[in-house]
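Work through these exercises with the sequence and the model side by side. Try each task before you read its solution.

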Amino acid sequence: MLIPCPYCGPRDLAEYTYQGDATRARPDPATAGQAAWNAYVYERANPAGPHREHWQHAGGCRAHLVVTRDTVSHAVLAVAPARAGEPS
Amino acid sequence: MVERDSPLGPLRRPGRHGHSRGAPGVRLAEVTPAAICEAAAWPGAEAALAEAIGATTGLGLDATPGAGARSAEAAAFGIGPGRFLVTGRHDGLVAALAAAVPADTGTVTDLSHGRTVMRIAGPRAEWVLGKLFAIDFAAHAFAVGAGRATAHHDIAAQIQRSAGDAFDVCVFRSFARAFWAGLCAAAEEVGYEVL
Amino acid sequence: MSPRRAAAGGLVDRDRPVRFTFDGRPYTGFAGDTLASALLASGVTLCGRSFKYHRPRGVFAAGLDEPNALVTVLRGAVREPNVPATQIEIHPGLRVESQNRYPSLAYDVGAVNQLGGPLLAAGFYYKTFMGPVVGPLRGTRFWMLCEKAIRRAAGLGRAGREPDPARYERMNAFCDVLVVGAGPAGLEAAEAAAKAGKRVILAETEPAAGGSALWSGETIGGTPAARWAQERAARLAAMDNVRLLTRTTVWGYYDNNVLAALERVGDHGPAAAPGEPRHRHWTVRAGRVVLATGALERPLVFPGNDRPGVMLAGAAERYAVQYGVLPAARLAVFTNNDGAYRAAAALARAGAEVAAIVDTRSTLSDAARALAAETGAELLSGHAVVATAGRRALSGITVQAFEAAGGRLSGPRRAIAVDGLAVSGGWSPALHLASQAGAAPVWDETRQAFLPPQPSGRGWLAAGAVLGTAGTAEALAEGRMAGRRAAGQRAARSRVPAVAAPALDPHPAEVIAIPAPGKAFVDLQHDVTVEDIRLAHREGFVAAEHVKRYTTLGMATDQGKTSNVPGLAVLAAARGKPLGALGTTRFRPPYAPVSLGALAAERYGHLRPERLTPMHDWHVDNGARMEDAGLWKRPMIYGQPGETVAQAYVREAGRVRAAVGIIDVSTLGKIAVKGPDAAAFLDRVYTNTFSTLPVGKARYGLMLREDGLAMDDGTTWRLGQDDFLMTTTTANAGKVMQHLEYLLDVAWPDMKVHLTSVTDQWAGAALAGPQSRAVLAACVTGTAVDNETLPFMGIVRGAIDGAPVTICRLSFSGERAYEVYCGAGHGLAVWEALMEAGAAHGIVPYGLEALGALRIEKGHVTGAEIDGRTTARDLHLDWMLSKKKPFVGAAMMDREGLTGADRHRLVGVVALDGRPLGGGAHIVERGTAEALGESIGHITACCYSPALQRHIGLALVRGGKARHGSRAHVSDPLRGRFGPVEIVSHHFFDPEGSRMYG
């Protein structure tokens, strides 16, 4: 499987590290309650179909990417740097 | 000032090795320059950083992914978003670059001892590197001066094409022997000469 | 001349005889022969014994679909089992053994298995050996009793026990177009793509390109097909943008057009050139893929269809045309399609006598009749072979009139004496790679074959027989079109070379089993018979995938190549459904066997690369026994002659407490944290505050995970206002780096912080002991090192032996201690200068064992205690939890379950019986050596303490501090250790820290 890194181009899966569900956002420590933290740390949807995931190109440019991937077909539908926010 | 040791130690054995028919397929050498550093820009300051690197090294560098440039004195190439590996023949380069990069542009981190650079040159360089790295070394896909950040198993590597048939591979110093041994093994088939 | 070598013809080099041995006997073939063709030429028909019944078997096919003639190749002391004889190119020195026979191939004791036939029917293993133990001769216990004997009797070749000295390599390749298969369609596709300027890789399993052109006897563009293929291949190989890989089997098709291939670089010669691998594993990343993988001929299913001498018709044709070998002197052909008539004609032309052509169909094409007439054979249309005769070789067949539509045999049985029978049940497209890529094959009733579906997207294209296309002219046209489309050109039809070939009917009759009594095999390799599949069906297995697993149909190297469709046909008939309604099993990688060596390639011996510190050679030269710490090599002890490990570390640790010792700490993770937000960032990732740390000072820091559990600890040094050097434990360096990068990229993208791994930039030496300051004072220039200039947690810069150094005063051992950092390239010089300066003070180098003893005495935690289950409070590090600011883990660390009084918390334990403790041993309140009590915790680290002169340990024990002063037992049944311990504070030694601060 290849993931197209926006900086490096398509690279082997082996160069990447899975870094978790990208649909969650870290709660604001100033306002978030225990339930919000619990959801952030533990609750995952595990959908069959398109899913947004964080992958770090650890064996390359080291950037974190938001990869929209179909968990059924493995098709990578969109990739964007995590710093840029929404995937293109 | 004491000399900087090579990490290769007894593993570096100058001379001809491997397949001995005809000219060697590749020549291998440690070419760690005196100065190595990583320069990183804050988001939006990539071009300013490239300019500062250019002003310090005389290299014409742009901030597009993987772009790079080389001269007899220095080399630089992109290794990640806003990040460049910059090397030079003279050890004053790191301090000069640090002085040339203002705090609101980015940072410069000295790696002169932390990285080891090996050059693989010769007609079979692409073939030998193809055994170690899953990136495309063909000339049309990897231009002279351009750079790539990749990995051989656990060994992170930053690679610049230094000439049509030559590549400079930069690895963490602690992995230098392991990588050198792998490089030599991969080159045995085509015959190699250690300079 | 060999008995079965035709007088002329074939592509073998008759001027180059090659000698080899089979089961110890010498044979001679010609360069260009496979082992199979050379053995057939020598009149050898018996090549092996079958999997279950030990029935004699001969060569059945001519390519990698060979199910029978699996042999063991001997290379030095190395045995490579289960290699098809059809895939071995003979060469001087080749040594081969037959398999699954004892004591010899001709007289095999295991053949008695044939008499007990029903005993080994489908599901035999499940029925006999699985499930509960209900009696002495049932269940898994019985299996354990019988396994050895059964494994010896049933099976294929035996693997060797010697290490394989051969070299294996991997190669990464990139191309615009990968063409799989270099038959006429593949050659045409490759040329079309290459002419369009694309980078092309053309992979071919066989030693030479050409595919069916090598034996079809056709002409292409007025040239004999074999020569056309040779010329075309040479032209392609000469192009700069084409890589022609022969002896290369593409065996796996993965996501995003990543394909795996095995190139057999060195198997066809006696010895590899220096540095040349035996096998090369290719990972090809292709823009487009053209599958021109051809088709595999199917056998017909009839009683006795496995006897040596029965062979696929296409294989017999290939032996005659490509190798100049006659598989038999007088043979019959049994077919349900026209293709076998071309084979019959080719065999007759090569000099064989074709006695009869038996065809299940009653109406035949004119072209078939013409070819039959040319052979002079008796044409028995509307007939079937119902039995074969002969023991170790075929001596004759029995035929009977057959009505295909009703599947009925009738009339008198008639024997025909032959020593060979060429069979053809039609052709199955080799669509394995398309199936791996996710395409479910579709049954085509007209072609009587599963076809790959129309591909979509930027995946594969296909051309030739893999699409069910029978004719060479069509294959060439499809190849050219696929090549053009793969190159991104318009798929316009264009003129391809004219092909001269007989106008045969491309469609076979329906696939069925001949309904005559006797063992009729659908899977020759696994001895699966028609009756096995019917039995599986009667027992309720109706899905193709289930029947495959229950009967072992299509397993092992065959992978359904010859057996798939005949097996499904029998199942379909049993279910009373059309074959197309059944579907087929999904094909998975590998398409053909792959050597494990090629998959491992350079990762042989040690699986991962070593990391070495700058002082590595010094350690080794000075007696260090090296130990793995992740990828790093670190000194465990510096042993002196006659010393045990325990004696060495007790001596080393004692010297540290008494005088001074030095240890290499270059392996600690080091991360440069820079930028205007660096201090604020550290405040967020550490539980304690770093923004208040003055420049030139260090502070011990603790990191939690988001879930509130402890993650890592270390000191961080403030080198400048916006410039920190973070250290991590050796083990967690990479994990911490990724954790911090994630937070900056994802959680706090607006923070201006840069992280760079500088682990390798700095060599580090820790100098510990009462004399450490004196040693530094003797060798450091450019700075004072007295208590005022360099207090605890202070940082100074200076030089040692001319090398710039940064010195931080911090202690892991509890002694006055300093970490001296310098550029890694100066590490050895600085180390040696410290040793030299320390000589007057009795300095010793110490290793991880002594370091461990020193830290256990002090109660300092490491990865053994920060084990992913402990909180800061469990480790008594709650004094580091800031209440003034949020930090990672703060919100979750006080959750229910992480704060109770019954948490396992850090304590010390002292052995009261004076015997060593063991890491991982349990602590129990009550119990005896025999009756184990309930565990209340476990020992995380232990040592003999030189300072206390007792065996001590750190432990995580339920209740923690509340148990101080109480007694318990260490229980370590695995190592036979049970004894009393006292639970004490984890601060064993100098709890006030007076030795460290002074």
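**Exercise 1. Lay out the antiparallel sheet of chain C: what is the strand order, and which strands stand at the edges?**

Step 1. Five strands of chain C form an open sheet, in the order β36-β37-β38-β35-β39. The pairing is antiparallel. Strands are DSSP runs of E with at least two residues; helices are runs of H or I with at least four; both are numbered from the N terminus. Two strands pair if DSSP finds at least two bridges between them.

Step 2. The edges are β36 (698–704) and β39 (754–757) of chain C. Each has a single partner strand, so one side of each is left without a neighbour in the sheet.

Step 3. On average, neighbouring strands here are turned by 30 degrees against each other, direction ignored. Axes are lines fitted to C-alpha atoms, for helices over the stretch in contact; angles run from 0 to 180 degrees between N-to-C directions.

A note on the model and its numbering. This is a predicted model: local features need pLDDT of at least 70, side-chain atom pairs count only at pLDDT 80 or more, and totals for chains, interfaces and linings use all residues. Residues are numbered from 1 along each chain as its sequence is written, while chains are lettered from A and ligands numbered from 1 in the order in which they are written.

**Exercise 2. Find how many bridges join β35 and β38 of chain C, then find which strands α18 and α19 touch.**

Step 1. β35 (residues 669–674) and β38 (residues 723–728) of chain C pair in the antiparallel sense over 6 bridges. V673(C) stands opposite F724(C) in β38(C).

Step 2. Helix α18 (residues 678–685) of chain C packs on the sheet. α18(C) touches β35, β36, β37 (710–720) and β38 of chain C. Its direction makes about 130 degrees with that of β35(C). Contact means that the C-beta atoms of two residues, placed from the backbone, lie within 7 Å.

Step 3. α19(C) packs on the sheet too, touching β35, β36, β37, β38 and β39 of chain C. The direction of α19(C) makes about 160 degrees with that of β39(C).

**Exercise 3. Follow α19(C) to chain A, then describe chain A.**

Step 1. The contact takes 18 residues from chain C and 18 residues from chain A. Helix α19 (residues 733–747) gives the most to the chain C side, with 6 residues.

Step 2. Sort that chain C side by class: 10 nonpolar, 2 polar and 6 charged residues. Ala, Val, Leu, Ile, Met, Phe, Trp, Tyr, Cys and Pro count as nonpolar; Asp, Glu, Lys and Arg as charged; the others, Gly among them, as polar.

Step 3. Chain A has 1 helix and 6 strands, in the pattern β-β-β-α-β-β-β. Its C-alpha atoms fill a box of roughly 40 × 25 × 20 Å, taken along the principal axes.

Step 4. Of the 88 residues in chain A, 32% are buried. A residue is buried if 20 or more other C-beta atoms lie within 10 Å of its own, exposed if 12 or fewer, and partly exposed in between.

**Exercise 4. Describe the domains of chain B and the contact of chain B with chain C.**

Step 1. Chain B is divided into domain 1 (12–32 + 114–194) and domain 2 (35–110). The bounds come from an automatic or database domain assignment. The C-alpha centres of the two domains lie 24 Å apart.

Step 2. The contact between the domains takes 10 residues from domain 1 and 12 residues from domain 2. β9 (147–152) and β10 (155–163) of chain B each give two or more residues to the domain 1 side.

Step 3. Now turn to chain C. The contact takes 39 residues from chain B and 40 residues from chain C. On the chain B side, β3 (35–41), β7 (106–110) and α4 (176–187) each give two or more residues. The largest share, 4 residues, comes from α4(B).

**Exercise 5. Why does the largest nonpolar core lie between the two domains of chain B?**

Step 1. A nonpolar core is a set of buried Ala, Val, Leu, Ile, Met, Phe, Trp, Tyr and Cys residues joined through C-beta atoms within 7 Å. The largest one has 193 residues. I53(B), A76(B), I120(B), L767(C), V830(C) and L834(C) touch the most other members.

Step 2. α4(B) gives the largest share of this core, 8 residues. Both domains of chain B give residues to the core, so it lies between them.

Step 3. Take L767(C). Not counting residues up to four places away in sequence, L767(C) touches residues including V660(C), I662(C), A817(C) and L834(C).
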